[in-house]
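Here is my note on this structure. Please keep the sequence and the 3D view open while you read.

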Amino acid sequence: MPKITNRTSSFAIRSYIAVLSARFRTLLQYRAAAFAGFGTQLFWGLIRVMIFEAFYRSSTAPQPMTADEVITYIWLGQAFLVLIPYQGADPDVRAMVRSGNVVYELVRPTNLYFFWYSRAIAQRTAPGVFRALPMFITASLFFNLQMPPSFSATCAWLVSMLFAVLISAAITNLLSISLLWTISGEGLGVLLGSLTWLFSGIIIPLLFFPDWAQTAINILPFRYLMDIPFRFYLGHISPEQIWYHLPFQIAYLIALITAGHLILTRGIRRLVAQGG
Amino acid sequence: MPHIIVENLVKTFQIAQRQPGVWGALRGVMHRNYRQITALDGISFTIEPGELIGYIGPNGAGKSTTVKVLSGILVPDTGRCEILGRVPWKERIAHVAQIGVVFGQRTQLWWDLPVIESFDLLRDIYRVDHHQYAQTRDEMIAILDLESLLDIPVRQLSLGQRMRCDLAAALLHRPSILFLDEPTIGLDVVSKLAVRDFIKRLNQERDVTVILTTHDMDDIEALCTRVMVIGQGQILSDGPLENLRARVTTERRLIVDLEEIEDITDPDASVVLRDGHRVHLTFDPDRIATADLIARITAQHPVRDLFVENTPIEEIISRLYAENH
Amino acid sequence: MTNALRLYMHYLSQSIRSQMQYRVSFIMLSFGHFLTTGIEFLAIASLFARFKHIQGWTLPEVAFLYGLINISFAFADAASRGFDIFGTMVKSGDFDRLLLRPRSTALQLAGHELTLRRVGRLLQGLAVFAWASYTLDISWSAPKIYLVLIAIFGGACLFIGLMVIQATIAFWTTESLELMNTMTYGGVETAQYPLPIYRTWFRKFFTYIVPLACVNYLPALAILERGDPLGFPIALQWCAPLICVIFLIIALQIWKIGVRYYRSTGS
């Protein structure tokens with residue numbers, strides 16, 4: 001775990017706020033894009049809901065989740081889609097690497113990892129207001145998104161969501177950093193992209209995968225992006241279980257940050273050796 | 001019969017205005033203000049075959065809008081335009097087959113392809129007859145000295161090399177009119193001279209009509225027989241470079257290198273710049289003959305060297321704009 | 001026409017050569033596409049392991065639908081890269097260059113790039129399709145082979161048409177393009193399951209407005225020799241894919257309107 005100096009953390013927070021407000025402004029300016037994004041996610045949610053409804057109509061066999069639970073789960077997935085780092089790296093970092101301007105980042109009087117990390121968090125949280133909230137409200141009014149069963153379930157959900165954001169940003173940052181190696185960076189992006197897509201729960205709730213696959217799913221960190229938080233929300237996992245899952249979330253977060261930090265140090269060394 | 005006839009071209013654009021800051025962006029969600037911009041405000045001129053014209057003006061004056069209308073990309077609001085007997089925006093395909101366009105900051109070549117393959121692709125795009133294509137291509141390769149570049153992917157060329165290839169590419173279909181937009185921008189001195197030399201030859205030997213927009217006044221001085229100045233959508237001046245000069249100012253500049261550092265005072269000339277041994281004076285040749293002024297100064301001061309210059313063209317242009325504001 | 005076709009071929013061969021310069025990245029990205037689409041099928045298979053069937057359709061039958069639509073989409077996706085990146089082309093002004101050439105803009109955009117790495121999706125679609133055909137033991141006859149071919153062709157026309165429309169919208173705004181993904185990627189997702197499972201308004205949208213059913217559900221009924229609970233005429237099952245060719249022609253007409261608008265505003 002890298003050391004965070006005072007100066008670094010205040011710089012990171014300032015840059016977080018700067019990026020956050022820039023993202024807000026962009027999102028506001030492109031109002032049509034915000035509507036389009038909302039419409040798109042609504043559409044995807046509807047397709048998935050209809051498919052699951054049809055499956056539940058076709059079979060009476062006992063399933064790992066009830067139809068109502070699955071529907072809520074799907075809408076939560078649409079509302080918090082931004083937690084999946086599916087666009088890969090931070091687009092600004094990507095542009096910097098392409099143009100070679102990334103060398104100027106080395107001049108900054110700060111820990112580069114946390115500077116980029118704060119940007120990644122901003123990237124993951126800014127759309128929250130314009131995508132998550134409207135989707136959440138619309139789905140609960142019209143599409144059967146249900147509320148959490150208890151106050152403690154809500155609390156457990158919120159705590160695990162907080163760490164979902166931090167883990168998601170750490171993965172994004174890892175992808176940004178890997179771009180310092182052009183080709184392998186792209187490859188890692190594709191690979192990690194597929195893995196998160198499948199094992200976060202966005203395609204289907206993870207419990208629907210075959211039982212033999214569950215062990216692998218439980219080992220990977222991706223379920224903490226969606227599946228575990230959502231099941232806290234549903235009350236599908238009892239709220240006390242947060243004390244079991246929280247240490248795992250923290251451990252994954254530390255592991256991802258440490259890995260990112262190590263790779264970044266190597267990447268910088270490589271960049272400097274090449275002379276930019 | 002003129003190559004290009006332009007009468008009273010008008011083009012306006014609508015631009016959505018955005019307010020600054022988060023609050024402004026929020027208000028922008030509610031309603032948006034539009035501002036109308038008149039890019040061309042009644043432009044007229046004619047261009048004869050074989051002319052080499054400099055078209056200059058500051059950014060946003062309407063230069064690129066004019067080029068876009070003349071090359072058939074953009075449809076104007078009102079006005080007439082006929083090029084080689086055609087209305088560019090009505091018969092786009094027939095029109096663009098007759099013209100060549102080079103943008104200094106962009107390339108029309110394919111980034112990942114070797115130069116020669118880009119040429120071959122252009123042959124098929126322009127439907128150039130194979131025999132004629134081979135002939136033109138070989139001529140261009142010889143004149144622009146491209147032989148060693150042909151097998152290199154465009155992305156690996158230097159800016160100067162790329163510009164030479166782009167010039168060749170724009171001429172493969174033997175257009176009779178060539179539009180050049182900042183062809184020397186960013187080039188090193190050697191490439192700049194090569195490009196200028198090529199444009200001059202093209203114009204003189206092949207009679208290609210050339211319309212050149214540029215910020216580089218040396219291009220204009222070196223090449224253009226006629227200069228059109230545009231400002232705020234209107235043609236401010238049109239004619240030979242000397243006329244433009246005469247219209248704005250007849251002033252000349254005398255630059256003297258003295259043996260010792262000292263002051264020069266003269267009733268008919270004023271000092272504009274002093275730089276060590278060198279002194280810049282301006283004078284009006286109508287008030288005092290150049291020879292007389294030189295005689296007077298050399299008599300009073302020990303002079304190592306001296307020379308007379310016209311007022312720099314940049315200064316002329318900026319005065320022209322000042323007049324028109 | 002033949003001249004245009006020759007130029008298109010020339011474009012394609014150059015595009016392939018350019019991409020071959022980045023061989024490692026090509027192999028990696030194709031593999032990535034293969035993996036991503038493969039993973040989606042894994043999810044579908046998992047659901048069938050739990051539910052056994054979806055309104056009477058078994059996994060191999062759904063795999064048939066899945067393979068068919070993914071093959072079409074892979075072709076369309078590879079061929080319409082120019083339209084896909086059109087928004088950025090308008091923003092950067094690169095579209096002007098196409099207007100400066102004596103060819104139709106649609107032809108030049110179509111020739112922009114043939115994206116080879118989409119071969120990943122194609123291979124995956126073919127693999128699933130082959131598995132489905134083998135498992136279902138389809139008795140292949142000449143008419144059925146013809147129907148599969150025109151279904152793939154019609155599907156490609158439909159998706160290219162959608163991408164042309166998406167590009168046309170970019171003349172007005174580059175902001176709302178994401179919404180068109182609901183019809184392209186969303187269409188692929190939708191067509192992976194049989195049409196009757198969806199709600200009526202949704203079915204009607206993907207039959208009459210975006211004729212997706214014509215290249216997937218309807219021809220699949222004929223090939224799998226299944227009854228149709230929605231009661232479309234049998235004859236339609238055999239010629240429906242051609243409707244999508246008309247769809248593409250209409251899309252290209254709309255494109256022309258967009259170009260006209262661009263040339264009068266020059267945004």
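1. Start with chain B. An open sheet of six strands (DSSP runs of E, at least two residues, numbered from the N terminus) has mixed pairing and the order β5-β6-β7-β3-β8-β9. Two strands pair if DSSP finds at least two bridges between them. The edge strands, β5 (99–103) and β9 (234–239) of chain B, each pair on one side only. On average, neighbouring strands of this sheet are turned by 15° against each other, direction ignored.

2. This is a predicted model: local features need pLDDT of at least 70, side-chain atom pairs count only at pLDDT 80 or more, and totals for chains, interfaces and linings use all residues. Residues are numbered from 1 along each chain as its sequence is written, chains are lettered from A and ligands numbered from 1 in the order in which they are written, and side-chain values use heavy atoms, with hydrogens and water left out.

3. Look at one edge. β5(B) runs parallel to β6 (residues 177–181) of chain B, and five bridges join them. B:Val101 has B:Phe179 in β6(B) as its bridge partner.

4. Now turn to chains C and A. Here 35 residues of chain C are in contact (heavy atoms within 4.5 Å) with 43 residues of chain A.

5. How many salt bridges does the rule find across the interface of chain C and chain A? There are three. The rule asks for a side-chain nitrogen of Lys or Arg within 4 Å of a carboxyl oxygen of Asp or Glu. A:Arg48 and C:Glu189 meet in a salt bridge (3.8 Å, N to O).

Note on methods: Helix = DSSP H or I, 4+ residues; strand = E, 2+ residues; numbered from the N terminus. Axes fitted to C-alpha atoms, helices over the stretch in contact; angles between N-to-C directions.
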